Amino acid sequence: MARAASVYSVAQVNAYIKNMFAQDFALSRISVKGEVSNCKYHSSGHIYFTLKDGLGAIQAVMFAGKRRGLNFVLEEGQQVVVKGSVEVYERDGRYQLYAAEITLDGTGDLFKRFEKLRNELEEMGMFAPEYKSPIPKYAMKVGIVTASTGAAIRDIINIARRRNPYVQLVLCPAQVQGEGAASSIARGIETLDAMGLDVLIVGRGGGSIEDLWAFNEETVARAIFACKTPVISAVGHETDVTIADYVADLRAPTPSAAAELAVFDYALFEGQLREAGQKLYRALSGRKEMAAYRLEQYRLRLRLYNPERQLNEKRQRLADAEERMERLLKQKLTDRKHRLALLSGRLHGLSPLEKISKGFGFLTGEDGKRVESAESVKAGDHLLIRVLDGRIEAEVVKAEKSGI
């Protein structure tokens, strides 16, 4: 009877393979040359990347504790030599290169092409700030050039709908990877540019430098530069930089960030509009109150300087003056009457007739002048004597002065 074959668990198989790798001296101290791809800096400080050449690729990692010897920034497309060990990661059952030291060994072909085209376009002025258009603050029609399926379009739609459900999204599906991708992206940009939209988002999700290469093609760069509609590039992750990013009017680190930049927050806009309305209402109310106050002041001043009011005031003053004049005239007349009475009494007391009435006579000469002295007459002069009841004509017999 045949004996049954042994059955091992997955963990046992992974442990066995790991042990085999550990016993291999060549794998414990190895130097591997290749081009860097899919380079990611983790928040923990570890660097994850792929090392590849024309025939294959191997996953690699440099832990934070080993980075002290790394004197440059590891980037896509760099040609490097990695010294370290190849070991098995038991949990996933896969092997990878654990880097202890990384040195530059030149630049990969793709990176050389990238730098060459970037320098050429920069010399032509296609990256100059004066050619970049501002992104409209309140865009209502947003065009999107990306793949019709994938995380990029889903993220853009979700964020746009959350921020502003009234915005119109126009998708022009494009091939974003592989042969013919650059032409497809350029056609999408030209198509949406002719539709009179407010802004365009051009991009895709993350990937290796090969995956993103279509956005490093001159065809796409020229299509973005010629586009009259403002363009936001959103290619890959935050650390990925393409030629499209340099040419575009604005670069977003991710497609999600591009949606945030292109679509304004309607709820926030409503709040700002409401606040602005309240502020305007308060300002208008204040101005209205000030205008009412000034109007009342003008009304009072007009009332104060009203010709009819002034005329009435002048009439009143005239009436007061007439009354005062009449009062003064009456008082003056009374005073004059009183004085006249006094003078009349005094005159009456000095009147010759008054004297005559008391037994005296009024003596005048032939010339009608009063005779007041014995020296003024002589014997033979004719005199006229007026008494109370008549006149007496007399002749001077003798005139002599008394000794008084």
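The paragraphs below lead through this structure, from confidence to annotated domains, and then to a helix contact and an aromatic pair.

The structure is a predicted model, and a reader may want to begin with how confident the prediction is along the protein chain. The average pLDDT of the chain is 87, with 95% of the residues scoring at least 70. Confidence is highest in strand E6, residues 141-146, where the mean is 97, and lowest in helix H11, residues 352-356, where the mean is 63.

Two domain annotations come from the UniProt record, in an unreviewed entry. One of them, "OB-fold nucleic acid binding", covers residues 8-102; in the model this span is 19% helix and 47% strand, and its end C-alpha atoms lie 38 Å apart. The other, "Exonuclease VII large subunit C-terminal", covers residues 126-347 according to the record; that span is 58% helix and 11% strand, with its end C-alpha atoms 129 Å apart.

Within residues 126-347, as annotated, one can turn to helix H5, residues 181-193, and helix H6, residues 218-226, whose axes come within 8 Å and cross at roughly 10°. Since angles under 35 degrees count as roughly parallel, H5 and H6 are therefore roughly parallel to each other. On the H5 side the contact involves Ala 182, Ile 185, Ala 186, Ile 189 and Asp 193, and these meet Thr 219, Val 220, Ala 223, Ile 224 and Ala 226 of H6. By character, the residues of this contact between H5 and H6 divide into eight nonpolar, one polar and one charged.

The aromatic rings give another view of how the chain is arranged. Across the whole structure, a search finds nine aromatic pairs, and one of them is formed by Phe 21 and Tyr 95, whose rings lie 6.0 Å apart from centre to centre, with 35° between the planes, so that the pair counts as tilted. This pair links distant parts of the chain, as Phe 21 belongs to helix H1, residues 10-23, while Tyr 95 belongs to strand E5, residues 94-107, and the two are 74 residues apart.

Definitions and conventions. Residues numbered from 1 in each chain as written. Predicted model: local features only at pLDDT ≥ 70, side-chain atom pairs only at ≥ 80, totals over all residues. Heavy atoms only, no water. UniProt positions renumbered as here; feature names shortened; annotations may be inferred. Helix = DSSP H or I, 4+ residues; strand = E, 2+ residues; numbered from the N terminus. Axes fitted to C-alpha atoms, helices over the stretch in contact; angles between N-to-C directions. Parallel < 35°, antiparallel > 145°, perpendicular 65-115°, else oblique. Contact = heavy atoms within 4.5 Å. Nonpolar A, V, L, I, M, F, W, Y, C, P; charged D, E, K, R; others polar. pLDDT = per-residue confidence, 0-100. Phe/Tyr/Trp six-rings, centres within 6.5 Å; stacked < 30°, edge-to-face > 60°.
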